[in-house]
Amino acid sequence: MPIEILLVEDDPGDVLITREAFADHKVRNRITVCTDGADALRFLHRRPPHAGAVRPDIILLDLNLPGIDGRDVLEAIHADPSLSRIPVVILTSSNAEEDFLRGIELRVDTYIRKPVDFASLIHVVRRIEAFYISVERAVSSM
């Protein structure tokens, strides 16, 4: 089964490098891109045009988005019991300490500062792959 990834990112260059990192590392995945927070929330709550959306296994979330920003999306994820267990990786250009501390408070799994370079993304891809391989092994041994 591929890993279902929701990438919430408004920068086309960052979308491209993220897709390349997953393709280069050959992790089986399906990446859905939402370019703003409002669309991400519609996707997560399976509202049109995402009524048939598959629940993501992981969310890669930019904090600085147009309209509803990533902080608001993170709050909504944390407040919804059906979403709060989805691992979230923050990708941001913000150097604000309060963003980092708020991410920790909301149990963000990884926090990566932009500019995102390929090596940083490969590190995240490896962690995601290791996590899902261990989950698959645990499930198959039951």
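The following exercises, with worked solutions, concern the architecture, burial and salt bridges of a predicted model.

Residues are numbered from 1 along each chain as its sequence is written. In this predicted model, local features need pLDDT of at least 70, side-chain atom pairs count only at pLDDT 80 or more, and totals for chains, interfaces and linings use all residues, while side-chain values use heavy atoms and leave out hydrogens and water.

**Exercise 1. State which secondary-structure elements the protein chain contains and in what order they run.**

Step 1. Helices are DSSP runs of H or I with at least four residues, strands are runs of E with at least two, and both are numbered from the N terminus. By this criterion the protein chain has 5 helices and 5 strands.

Step 2. Read from the N terminus, the order is β-α-β-α-β-α-β-α-β-α.

Step 3. Of the contacts (heavy atoms within 4.5 Å) between residues at least 6 apart in sequence, 66% join residues at least 24 apart.

**Exercise 2. Determine which residues of α3 are buried and how they are arranged about the helix axis.**

Step 1. A residue is buried under 20% relative accessible area, exposed over 50%, and partly exposed in between (1.4 Å probe, protein chains only). Of the 142 residues in the protein chain, 44% are buried.

Step 2. In α3, the residues G70, V73, L74 and I77 are buried. Their directions, taken from the helix axis to the C-beta atoms, fall within an arc of 100°, so these residues line one face of the helix.

Step 3. L63 belongs to the loop between β3 (58-62) and α3 (70-79), and is buried at 3% relative accessible area. The C-alpha atoms of L63 and V73 lie 8.5 Å apart, with their positions 10 residues apart in sequence.

**Exercise 3. Locate the salt bridges and describe the burial of each partner.**

Step 1. A salt bridge requires a side-chain nitrogen of Lys or Arg within 4 Å of a carboxyl oxygen of Asp or Glu. The whole structure yields 3 of them.

Step 2. R30 pairs with E4, with closest N and O atoms 2.2 Å apart. This pair links distant parts of the chain, strand β2 (residues 29-34) and strand β1 (residues 3-8), across 26 residues. R30 is partly exposed at 45%, whereas E4 is buried at 9%.

Step 3. D39 pairs with R42 at 3.4 Å. Both lie in helix α2 (residues 37-44), about one helical turn apart because 3 residues separate them. D39 is buried at 14%; R42 is partly exposed at 30%.

Step 4. D69 pairs with R71 at 2.9 Å. D69 is buried at 17%, and R71 is partly exposed at 27%.
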